Structure formats: C-alpha cells, structure tokens
Amino acid sequence: MIFAIEEINNRTDFLPNMSLGYKIYDACSTVPLAIKAAMALMSGAGEAQSSTLSCSQQSSIHAIIGYSASSPTIGISTLVGQFNIPVISHFATCACLSNRKEFPTFFRTIPSDYYQSRALAQLVKHFGWTWVGTIRSDNDYGNSGMATFIKAAEKEGICIEYSEDIYRTNPREKFLKTVEVIKMGSSKTIVAFANIVDLEFLIKELVLQNVTGLQWVGSESWVSAKNVATMENYRIFKGTIGFSIANAAIPGLKEFLLSVRPSSTPGNTGLIKLWENMFDCSFSALHSKTCTGSENLQQVNNLYTDVSELGVTYNVYKAVYAVAHALHDLLACQDNRGPCMANQKDTLPLQALQYLKKVNFSVNNGEYVNFDINGDSPARYELVNWQLSVNGITEFVNIGFYDASLPEGKQFIMNNNSIVWASNDGKAPKSVCSESCHPGTRKATQKGKPVCCFDCLPCAEGEISNSTDAIHCMKCPLEYRANEEKDQCILKDIEFLTYDEIMGMILIIFALLGTLLTSFVTVVFFKFRDTPIVKANNSELSFLLLFSLTLCFLCSLTFIGEPTQWSCMLRHTAFGITFVLCISCVLGKTIVVLIAFRATMPGSNIMKCFGPTQQRLSVLTFTLVQTLTCIIWLVKYPPLPHKNMNSNKEIIILECDIGSTVAFYIVLGYIGLLSVICFFLAFLARKLPDNFNEAKFITFSMLVFCTVWITFIPSYISSPGKYTVAVEVFAILASSFGLLFCIFAPKCYIILLTPDKNSKKHLMGKVQSKSL
C-alpha cells in the first residue's frame with residue numbers, strides 16, 4: 001500500500017498538486033480492535049502507527065483500505081457505512097458483503113465467494129466427485145462460503161457426507177474430533193473453505209495422525225499460501241486443487257522492499273518487529289545483538305522479499321489506485337459523473353464514494369479495474385495444483401482458470417493431463433457413495449440416506465435406460481421391446497402361424513391329406529354310385545357331405561399365413577358356413593335313416609314327407625341361416641387384422657380380431673346346436689339294423705365332433721399367440737377327419753375290400769333275418 005501511494009505521489013500526470021497520505025492501524029485479527037481502529041481513523045484520534053506524509057487535519061477520511069478477513073470487515077463496513085466512508089477490501093470475500101442495503105459503501109478488489117463457491121461445486125462435479133466431506137471456518141467467511149457451496153453442490157447432484165467447522169480458539173479436543181470424522185468418512189474428497197490460521201490447527205493434527213491419501217479441494221484463502229505448503233504438509237495435501245487469485249507482477253516493488261529501512265519510516269512499529277525477526281537483533285539494549293538499521297536485505301530470502309506470488313498483494317495495489325482514480329476524477333469533475341469540488345480541502349468521503357462507483361481503469365498489466373452495482377470485482381481465478389518440484393519444494397502449478405464473465409459452460413479452461421492427484425496410482429480418486437448405475441438400470445435411493453447413496457435396480461420388463469445414473473426407466477413404445485441389456489428399444493418380433501414353420505407345414509400337410517382322402521372317397525362313391533350300399537345311404541347327401549368336408553379341409557388353410565383383411569373375413573365365415581353345410585348333411589342323413597326305418601313298417605307313409613326335395617330344402621335352409629348371419633357380421637362388424645401387444649410383451653401377435661363377439665358366438669352356437677340335435681337323433685337310431693343304416697357311425701362321428709370342439713374351448717383360451725390359431729386349425733381338421741372316417745370308412749371298406757357284401761340281397765337279407 002505504501003509503495004502504491006508513493007508511486008502515485010511521484011507521478012506528475014496523476015492527482016497534480018496533490019499528495020496522498022495514510023494511517024495504518026493493526027486490528028490484531030479481532031473484530032473489536034478492527035472497529036476501534038475504524039473509529040480512530042474517522043475521528044482522527046489515536047496515534048498513527050506509520051506515517052510519512054502530513055495528513056489533513058479534518059476529522060473525516062476519504063477511504064479505508066482493508067480489512068483482510070471478512071468478519072472484521074463486516075464490523076468496519078457496518079460502522080463507517082453510516083458516515084458514507086468507502087471501504088475497499090483486498091481479501092474479504094464473504095458473499096454477504098455484496099448486500100448493498102447493509103453495506104452501501106463496501107467495495108473489494110477480490111472476487112466474492114458467491115462465485116468461488118459455485119465454481120468449487122462445478123469443479124467437484126467436473127471430476128465426478130458426488131460424495132464429499134467439507135471443512136469450514138466457523139466465521140462469516142467460512143459459514144457464508146460453505147452455505148453457498150452446499151446450495152450449488154445440491155444443484156449439481158453432489159452430496160455432503162459431513163460438514164465440520166473449525167476455529168483457531170477451539171480446544172484441541174474439537175480438532176481431534178474433526179480428524180476422527182475425516183478418518184471415519186467414506187468420501188475421498190474434502191472441500192475446505194477455511195481461513196489459513198484456522199486450518200493450520202487442523203493440519204497439525206492431520207500430520208500427527210498421518211491422514212494421507214485424501215483429495216483436498218481448497219478455497220483461495222489457503223490453497224496458494226506458501227507457509228502452508230511445507231514439505232511436511234505435502235504428505236497430507238499432495239495433489240490439492242483449488243482456486244487462487246490470479247498472480248501479477250508489480251514493477252519496482254522488489255526494489256522498494258529491499259530499500260526500506262526503519263530509519264526512513266519512523267513510527268512504523270511493524271517494520272521494526274519484522275527487522276528484528278529477520279536479523280535476530282534488537283533496537284533496544286535488552287538484546288545481545290543490536291540492530292543498526294543498515295543490515296542488507298539482499299541477503300534475506302523469506303516471504304517478505306519473495307515477490308513471485310503477488311495475487312493478494314496486487315489487490316492492495318489495485319485498491320489504492322481505485323481510490324486515487326476516484327479522487328482524480330472528482331477533482332477534475334470528470335464528465336459530470338458526480339458532485340464536483342474543485343477545492344481539494346473541501347473534498348468529502350461521500351463525493352469520493354460517488355466517483356468510486358464509476359471508476360474504470362487499467363493497471364500496468366492491462367487488467368481493467370471496475371466495480372459492479374454491489375461493489376464487487378469481476379470474478380477471475382487461477383486453478384492451481386500442489387505438485388512437488390525436483391528440488392523437493394511444493395509448487396502451485398497452474399492447471400487452468402475460471403472466468404465468471406464468460407458464457408455458461410465455457411467458464412472453465414482446464415488441462416487435466418498436468419494434474420498430480422492425491423492417490424499413489426496417479427489417477428483421479430473416486431469419491432462416490434454408490435457406483436454409477438449402468439444403462440439398463442435405474443437409481444433407487446437408499447432409505448434414510450442422501451440421494452447420492454442408491455441401489456441400481458434393473459429396469460422392469462418393457463422398460464429401458466440408455467444413460468448412466470438414470471433416475472427413471474423409459475417405457476418402450478408399444479411396437480418395441482427392451483433388448484437383453486435393457487438399454488435400447490428394438491422392434492418386437494411379429495408372430496403368426498406361417499407356412500414355412502414346422503407346425504404350419506404339418507397342418508398344411510394334414511389339410512391337403514384330408515382333401516385328397518375326401519376326393520378319393522368321392523371318386524370311389526362316384527364310381528360305385530349304382531351299388532346298393534351307396535344308394536342305400538342317400539347318395540345325394542353323401543356327395544354333398546363329401547363336398548362340404550372338402551371345403552372344411554380347405555378352409556383351414558385360410559388360418560395359416562399373415563392375417564389380411566380378406567383372410568380374416570374369409571376364415572371365420574368360411575369355417576362357419578362349411579361346417580353348417582357339413583352338419584346339415586349329416587343331420588339330413590340321420591333324419592333319412594330314422595324315417596326310412598319307420599317307412600318299412602306296414603301302413604307307414606312318412607317317407608313322402610321327407611323326400612329328396614325336402615332333404616335339399618332342409619340343408620339349404622340350415623346353411624342359409626348361417627350364411628345370413630355371416631353376411632350381417634361382415635357388413636356390421638367385420639373381422640380385421642389386429643396387432644395383439646397385450647398377451648405377450650415381448651412379441652406382437654398378428655391375429656384376426658373377430659369384430660363382433662356376439663356374432664362369433666352366434667355362428668359357433670348355431671354349429672353347436674345342429675351338432676347336438678344331430679347327435680341326439682343319431683343316438684336314438686343307433687340300434688337300427690347295421691346293414692340298413694349308418695346311425696351308429698353318425699353317432700360315433702358326432703361324438704368325436706362334439707368332443708373335439710368341447711376340448712377346443714379351454715385349449716383355445718389358454719393357448720398363447722400363434723398356438724391359438726394352431727389349436728383352431730387342429731380342431732377343424734380333427735372334426736373333419738372324424739366325420740370322414742366314421743361315416744365313410746366303413747362304406748369304402750365294403751366297396752373296395754368286401755364287394756360281395758355290396759348287394760341288395762345281402763342288405764335285405766340281413767334286415768329280414770333280424771326282423772324275424
């Protein structure tokens with residue numbers, strides 16, 4: 001500060017005909033003494049501890065530069081703000097000081113912790129650390145900074161395992177408890193938002209207990225402090241990462257420091273104490289070695305003569321120049337930006353305050369200095385990493401920087417390859433409560449624990465997650481299913497009974513076999529149509545029955561293959577009509593048998609009531625009823641192709657939606673009704689002469705028919721997917737084969753293998769012998 005003031009006073013282009021003076025007070029790191037010093041400055045009372053120039057005799061001052069710590073600065077700013085005196089701090093970073101209502105005259109040349117805390121949260125998130133411990137100073141700086149960090153960390157998905165507060169006046173037991181918490185914690189990363197003095201007490205205990213291997217992330221107050229970065233402390237803080245105030249060079253400062261003598265600055269007790277400590281001497285007679293005041297500072301190598309790290313020091317330099325520029329603009333009435341006062345003796349702090357709000361200048365390195373509406377400077381930080389040099393000295397290696405003025409997402413510029421980590425394997429440590437959930441799983445928070453502690457549960461059936469640490473699984477669209485890893489939706493397989501699969505081929509073979517056998521029987525019956533056994537069994541109805549059986553076998557083929565609009569309409573209606581035609585023929589044959597038997601009795605004329613015309617008419621009527629029902633069904637609610645996605649979540653079953661359940665049941669019920677009537681009548685005629693009628697065979701065929709379709713119902717309901725259609729086809733084929741074999745096999749056996757029985761004499765003879 002003294003160097004900056006003297007530099008300004010020696011300039012001829014700046015504050016012409018005016019010199020700046022100063023008073024320096026020691027607040028001894030306590031809030032009460034800081035406030036006392038501020039009151040002394042305002043009142044002009046008290047002894048100036050260091051002064052090289054005469055000061056104005058006015059009781060008011062133009063500005064206060066300081067204090068370093070946040071808590072004393074809060075006290076100073078609260079007091080002097082009532083008198084409109086500007087306070088410019090070079091190191092008080094508490095975000096609370098940005099409150100313009102409480103601190104209307106506060107300014108600072110160091111960024112607010114509001115930005116640093118958020119940047120620390122982003123930094124922790126950048127390295128994937130979601131489970132961290134925190135250490136803070138129990139004062140305004142630590143509490144405010146950590147509160148902002150925790151709030152920002154929660155938004156970034158970071159959880160705090162523990163949060164310990166420390167303070168220099170705490171008993172040792174409190175620091176030992178904090179060390180124990182650190183040792184017992186599972187997090188591998190610790191964020192320390194602490195004052196350097198407070199942290200030194202904790203470091204002492206950490207060194208004693210050799211707590212190593214933890215990744216420390218530090219705030220600017222200590223992370224680049226050389227008195228902390230000793231060889232002994234490096235074991236604990238190896239690889240520490242944190243923010244540092246951007247370093248800068250101040251030309252002429254080193255020469256100024258080396259030229260200082262106690263004799264040239266009378267009253268500067270701080271310099272006297274520094275001198276006595278550096279040269280191990282005393283200006284009083286009480287010490288064996290007396291200081292001459294002319295000792296050579298060139299031979300001293302300590303923090304005083306080291307100007308390689310001037311981040312914070314440069315903030316003091318900028319603060320002095322900010323006051324100087326405000327006074328310069330005020331005296332020059334620059335652009336009417338505030339109240340003008342050409343007479344410097346009448347200059348008041350309020351006037352300096354108005355111009356201080358507007359300052360905007362560049363310093364020797366090209367950096368612009370200005371303040372926003374809250375009195376804050378632009379937030380720029382260097383990102384440093386603790387590394388050990390070849391000489392065994394801890395170095396703060398620059399690995400990037402942070403600029404809050406840049407667009408979101410571009411505020412960090414970092415070189416990860418040059419980072420030294422705390423772990424011995426040279427890799428970035430993992431600090432998570434739970435390992436990341438891979439795609440195909442979702443996070444499930446563990447009861448009573450923070451959100452960062454979770455279990456990874458596999459996604460439910462039909463759901464996927466295609467990102468790491470997914471909170472929810474997404475349902476696949478209806479036509480898609482989850483793959484085995486459950487990280488991608490893939491198209492479901494479409495299932496229907498195809499021609500080229502084994503089951504489809506077998507059913508086709510049996511359908512064609514049934515058609516060929518029916519055709520063969522038709523040919524046999526046609527060739528032997530004039531024989532007694534064909535005539536005796538109502539040849540016309542027999543041929544119509546064979547024709548309907550052929551259609552029954554062929555209609556089963558419409559159930560195989562991909563369902564289309566036409567195949568869906570055809571398969572159910574063709575099935576309904578052909579089976580009614582078939583049962584109608586069987587029913588007609590059964591009635592003929594019963595009537596024919598009664599017609600042989602003396603005086604019976606019943607055969608005239610059910611002759612060929614009536615037989616044709618009955619078959620036509622029964623079939624026409626089913627045909628009309630099917631036509632109405634097709635017109636009103638036709639069966640259509642339907643993608644069934646509910647029966648099986650893994651596949652799409654392509655099937656025919658029957659359209660109208662009522663119509664479907666009417667069609668089936670009608671077939672069932674005719675079948676029951678036919679079975680009942682055939683059962684009544686089962687004891688008639690064997691060689692005269694076929695009532696026994698019809699009874700057995702209808703028994704097979706009814707058994708097949710009664711068994712079909714539960715099988716149809718319980719069969720999944722394409723097997724439902726296969727069961728239906730099987731029922732059609734089985735019932736058709738039952739009718740074919742039971743009714744026509746005995747006749748073909750007689751016609752082809754025992755032709756001697758195929759005679760009227762044999763048939764009539766047997767009837768007469770039985771009637772006797």
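How many positive and how many negative side chains does the chain have, and how far apart do the centres of the two sets lie? The legends below take up this question together with the overall form of the chain and the surroundings of one serine.

**Figure 1. Charged side chains of the predicted model.** The chain carries 63 positive side chains and 61 negative ones, and the centres of these two sets are 17 Å apart. The accessible surface of the chain amounts to about 37,900 Å², and carbon and sulfur atoms account for 59% of that surface.

**Figure 2. Overall form and secondary structure of the chain.** In this model, 21 helices and 22 strands make up the secondary structure of the chain. The chain is more spread out than a compact globule, because its radius of gyration is 52 Å, well over the 28 Å that the globule rule gives for 772 residues. Taken along the principal axes, the box filled by the C-alpha atoms is roughly 165 × 60 × 40 Å.

**Figure 3. Burial and contacts within the chain.** Of the 772 residues, 48% count as buried. When contacts between residues at least 6 apart in sequence are considered, 66% of them join residues that are at least 24 apart.

**Figure 4. Close-up of Ser89 in strand E2.** Ser89 belongs to strand E2, which covers residues 87-89, and Ser89 counts as buried because its relative accessible area is 0%, which is under the 20% cut-off. The side chain of Ser89 reaches the backbone nitrogen of Phe91 at 3.2 Å.

**Figure 5. Residues touching Ser89.** Leaving aside residues up to four places away in sequence, Ser89 touches several residues, among them Gly66, Tyr67, Ser68 and Thr73. The residues touched by Ser89 also include Phe106, Phe107, Arg108, Thr109 and Ile110.

How values were computed:
Residues numbered from 1 in each chain as written. Predicted model: local features only at pLDDT ≥ 70, side-chain atom pairs only at ≥ 80, totals over all residues. Heavy atoms only, no water. Helix = DSSP H or I, 4+ residues; strand = E, 2+ residues; numbered from the N terminus. Rg over C-alpha atoms; globule rule 2.2 N^0.38 Å. Buried < 20%, exposed > 50% of the residue type's maximum accessible area, 1.4 Å probe, protein only. Contact = heavy atoms within 4.5 Å. Areas by Shrake-Rupley, 256 points an atom, 1.4 Å probe, with all protein chains shown as cover. Lys, Arg positive; Asp, Glu negative; His and termini not counted. Charge placed at Lys NZ, Arg CZ, Asp CG, Glu CD. Polar contact = N/O pair within 3.5 Å; in protein donor to acceptor, adjacent residues only side chain to side chain.
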